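Reader: I should like a close look at a single part of this model, with its surroundings described in connected form. Please begin from the part itself and then move outward.

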Amino acid sequence: MWVERLFRDLCSHVMALTDLPAGSEAGFMDREIRSGEGWSERLGAALATCRVFVPLFSPRYFASEMCGREWFAFAQRAIHHGAVSNRNAEAIVPALWVPVPPSQLPGPAERLQFNHNTFGDRYVTDGLYGLIKLRGYAEQYERAVYELAKRIVRVAETVRLDPVRPVDYRVVPSAFGPAGGRAGLGGQGGAPARTLHVTVAAASRHDLPEGRSPEYYGESALDWNPYHPVSQRPVAYVAEELVKNLNYQTSMSSFDDEAGHFDSKQPPTRPEILIVDRWAVEDEQRRRRLAAFDQESRPWINVVVPWNRYDHQSKAKEDELARRLEETLPVKMGQGRAACRAAANGVASMETLGQILPQVVEAAAQQFLRHAQVYLPAGNTHTERPRLIGPMGMNGPPAPPRAPFPPDVHRGPAGPGGPDAPDHSTDNDRGDADDSES
């Protein structure tokens, strides 16, 4: 009931602040949809077309897997927009339904650059739920809702995310991480942060194979941009944003810069993704290092091979380069789930990268959990189960850092209906405090 009132008040302000035609829909709230009315399809369309996503922060919101899936689906659009335009696309405008301690925010929420103080002191301490429930705070409620509506309109007019093809958000992962493991995952709570390492095996523009165009390369491997000119950002940084949207903290490095010998008998400290340019095997020294890497048993490291179908040089040598890479990485190219094998055999577009990378990350994380070090708790070891050490374990001292590669061998008010529509997404398993708007 109270969320519906907030939704109506926000839509009323948005209509007044914009030139939307009378009678048009300023926002969308999935709670208005009942079973049998195409609920999933309409929500998918909302997330694919709305201008702004407004999550209503509360502890229950971040405990909801469905809320996390909605966040993930919308955030993927912003990441794609940022890669294409080379501009940050902050189209998520959070609202405090119930104040949430920073230590309970998952990484994607913690990283939002948003100042709630401009909406009023009482809003910060009590949230919209407190203001709307208590009669004495009616004026503070009106101010907070009006300021929120102005922020929604401002963001909608400046960011202008392009619509995308709707996805079934029920099959996408949650941006808040696995169920039961969200508190503290932003790195401030009692639990360790989930971490993942991204390594890029590619040349720089200074050591390209003979005849290879430098337009796809930069000063280091991390500057490799295989999807140029569609993407304006290197693939490593696009992948980093995609991984962060899965509630991980990330680190990145160049395959060429990794130093120190990896001891395959030591347990891993994090799941990892190796992004490989097929042209990298044209350098014999790098090819040998990749081949040595392939001989180590490290199933928690998955390979992703971006491949631009519109790169004419790569297209002309596709069969040759693909064969050489398969000969260099025979284990990695055939390892793991179907999604992992598909990623290793060529990801033809940035859109496909956004769809397949979450599956590759999940597979790497599961392999990490199978191989990570465990320790026996103090006391009676027969009454407690062993627990993981490291960034995805519950507690215990972290394992020492290592170099992962060997050295050179030599819901809520949501708005698809209008350009400035607030979007609010909810799910049947949530109460009023579990909504989101966009």
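What is the volume of the second largest pocket?

Author: In this predicted model, the second largest pocket has a volume of about 530 Å³. Its lining consists of 23 residues, and those closest to the centre of the pocket are A78, I79, A89, E90 and E241. Two helices, α4 and α8 (235-244), each contribute at least two residues to this lining. The largest share, six residues, is supplied by α4, and that helix therefore merits a description of its own, since 17 of its 21 residues are buried and it is largely enclosed by the rest of the structure.

Helix α4 spans residues 65-85. From its first C-alpha to its last it reaches 30 Å, close to the 30 Å expected at 1.5 Å a residue. Both ends of the helix show a local feature. At the start of α4, a side-chain oxygen of S64 comes to within 3.4 Å of the backbone nitrogen of M66. Just after the helix, N86 adopts a positive phi of about 60 degrees.

The hydrophobic interior can be considered next. The largest nonpolar core comprises 98 residues, of which F57, F62, W71, L128, L148 and I273 touch the most other members. For L128, the contacts beyond four places in sequence are with L6, A95, L96, W97, Y123, Y141, A144, V145 and L148. A second core, separate from this one, has 17 residues, including L274, V303, L325 and L329.

Two further residues complete the survey. F114 belongs to the loop between α5 (107-110) and α6 (121-133). With a relative accessible area of 19%, F114 falls under the 20% limit and so counts as buried. Leaving aside residues up to four places away in sequence, F114 touches V93, P94, F119 and R151. Of these partners, P94 is 20 residues from F114 along the chain, and the two C-alpha atoms are separated by 7.7 Å.

H197 is found in strand β4, which covers residues 195-201. This histidine is likewise buried, because its relative accessibility is 4%. The side chain of H197 forms a polar contact, at 2.8 Å, with the side chain of S253.

To return to the pocket, α4 provides six residues of its lining, while A78 and E241 are among the residues closest to its centre.

Methods: Residues numbered from 1 in each chain as written. Predicted model: local features only at pLDDT ≥ 70, side-chain atom pairs only at ≥ 80, totals over all residues. Heavy atoms only, no water. Helix = DSSP H or I, 4+ residues; strand = E, 2+ residues; numbered from the N terminus. Expected span 1.5 Å × (residues − 1). Buried < 20%, exposed > 50% of the residue type's maximum accessible area, 1.4 Å probe, protein only. Polar contact = N/O pair within 3.5 Å; in protein donor to acceptor, adjacent residues only side chain to side chain. Contact = heavy atoms within 4.5 Å. Core = buried A, V, L, I, M, F, W, Y, C linked by side-chain atoms within 4.5 Å. 1 Å grid on protein atoms, 1.4 Å probe; cavity = no way out; pocket = protein on both sides within 12 Å on 5 of 7 lines; lining within 4 Å. Points joined across faces, edges and corners; volume = space filled by probe spheres on them.
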